[in-house]
Amino acid sequence: MPLAKLHVLEGQYDEARLDKVSSAIQDALISALGIPPEDFFQIIHILPKGQFRHTPSFLGLNYSDGLIVLEITFISGRPKEKRLGLLKALNDAVVSAARISPDDLLITLYETPGENISFGRGLAQRAHIADQKATPAHAAEG
């Protein structure tokens with residue numbers, strides 16, 4: 001159930017470039033987390049300069065106007081190694097697709113229990129995942 005939210009500066013990404021970034025994110029989620037291809041939820045925010053502010057550098061990284069802020073929310077329970085692998089897979093895929101510097105992708109992962117998510121009808125379809133530790137069988141569910 002990963003939900004990806006992309007935030008970019010207006011004028012930096014046309015529709016074709018956003019499509020490539022979107023596909024790269026989905027491909028990375030599929031390869032790193034084993035989600036099914038139809039598990040696809042993305043929101044793209046294109047923000048004017050006054051609403052997309054960031055430092056030019058931080059922690060030895062340099063940011064340009066091509067910076068992408070990517071937030072991924074998914075059901076908790078995956079081991080640290082899986083989450084670290086996802087960060088790397090996302091950076092590799094998005095940097096290549098967007099043709100940006102590896103510095104220009106800021107990623108935040110948010111984990112939430114399955115009972116906090118409804119895919120519709122007010123039901124928590126993945127509530128059972130919150131009560132179990134992640135296993136390969138459950139990793140593909142959310």
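In this predicted model, the side chains of Arg83 and Glu111 come together in a salt bridge, with 3.8 Å from N to O. Arg83 belongs to helix α2 and Glu111 to strand β6, so this pair ties together parts of the chain that are 28 residues apart in sequence. Both partners are partly exposed: the relative accessible area is 25% for Arg83 and 36% for Glu111.

The Arg83–Glu111 pair is one of three salt bridges found in a search of the whole structure. Another joins the side chains of Asp65 and Lys49, at 3.3 Å from N to O. Here too, distant parts of the chain are linked, as the two residues are 16 residues apart. Asp65 sits in the loop between β4 (61–62) and β5, while Lys49 sits in the loop between β2 and β3. With a relative accessibility of 35%, Asp65 counts as partly exposed. Lys49, at 55%, is exposed; the cut-off for that class is over 50%.

A further salt bridge is found within a helix. Asp92 pairs with Lys88, and their closest N and O atoms are 2.8 Å apart. Both residues are part of helix α2, where a spacing of four residues corresponds to about one turn of the helix. Asp92 is partly exposed, with a relative accessible area of 40%, whereas Lys88 is exposed, with 53%.

Helix α2 and strand β6 also have a place in the wider fold, which can be followed by starting from the sheet. Four strands make up an open sheet, arranged in the order β2-β1-β5-β6 with mixed pairing. Strands β2 (41–47) and β6 (105–112) are the edge strands; each has a single partner strand, so one side of each is left without a neighbour in the sheet. On average, neighbouring strands of the sheet are turned by 15° against each other, direction ignored.

Strand β5 (residues 68–75) is the partner of the edge strand β6. The two strands run parallel and are joined by eight bridges. Along this pair, Ile75 is found opposite Thr112 of β6.

Two helices pack on the sheet. Helix α1 (residues 15–33) touches β1 (3–9), β2 and β5, and the direction of α1 makes about 145° with that of β2. Helix α2 (residues 80–98) touches β5 and β6, and the direction of α2 makes about 140° with that of β6. The salt bridge between Arg83 and Glu111 can now be placed in this picture: Arg83 is in α2 and Glu111 is in β6, and these two elements are in contact as the helix packs on the sheet.

The loops hold details of their own. Glu10 is located in the loop between β1 and α1. When neighbours within four places in sequence are left aside, the residues in contact with Glu10 are Ile46, Leu47 and Pro48. Ile46 and Leu47 fall within the range given for the edge strand β2, residues 41–47. Glu10 and Gly66 offer a further view of how the chain folds back: they are 56 residues apart in sequence, but their C-alpha atoms are 9.6 Å apart in space.

On the surface, Phe58, Leu59 and Leu61 form a nonpolar patch, and together they have about 320 Å² of accessible area. Phe58 is placed in strand β3 (residues 57–58), and with 48% relative accessibility it counts as partly exposed. Leu59 lies in the loop between β3 and β4 and counts as exposed, with a relative accessibility of 70%. Leu61 is within the range of strand β4, residues 61–62.

Leu59 has a backbone feature as well: its phi angle is near 55°, a positive value in a residue other than glycine. Arg99 also has a positive phi, near 55°, and is likewise a residue other than glycine. Arg99 lies in the loop between α2 and β6. With a relative accessible area of 74%, Arg99 is exposed.

Note on methods
Residues are numbered from 1 along each chain as its sequence is written. This is a predicted model: local features need pLDDT of at least 70, side-chain atom pairs count only at pLDDT 80 or more; totals for chains, interfaces and linings use all residues. Side-chain values use heavy atoms; hydrogens and water are left out. Two strands pair if DSSP finds at least two bridges between them. Axes are lines fitted to C-alpha atoms, for helices over the stretch in contact, and angles run from 0 to 180 degrees between N-to-C directions. Contact means heavy atoms within 4.5 Å. Patches are made of residues with over 30% relative accessible area and no salt bridge: like charges are joined within 9 Å, nonpolar side chains (Val, Leu, Ile, Met, Phe, Trp, Tyr) within 5 Å. Accessible areas come from the Shrake-Rupley method with a 1.4 Å probe; for residues, only the protein chains shown count as cover. A salt bridge is a side-chain nitrogen of Lys or Arg within 4 Å of a carboxyl oxygen of Asp or Glu. Buried means under 20% relative accessible area, exposed over 50%, partly exposed in between (1.4 Å probe, protein chains only).
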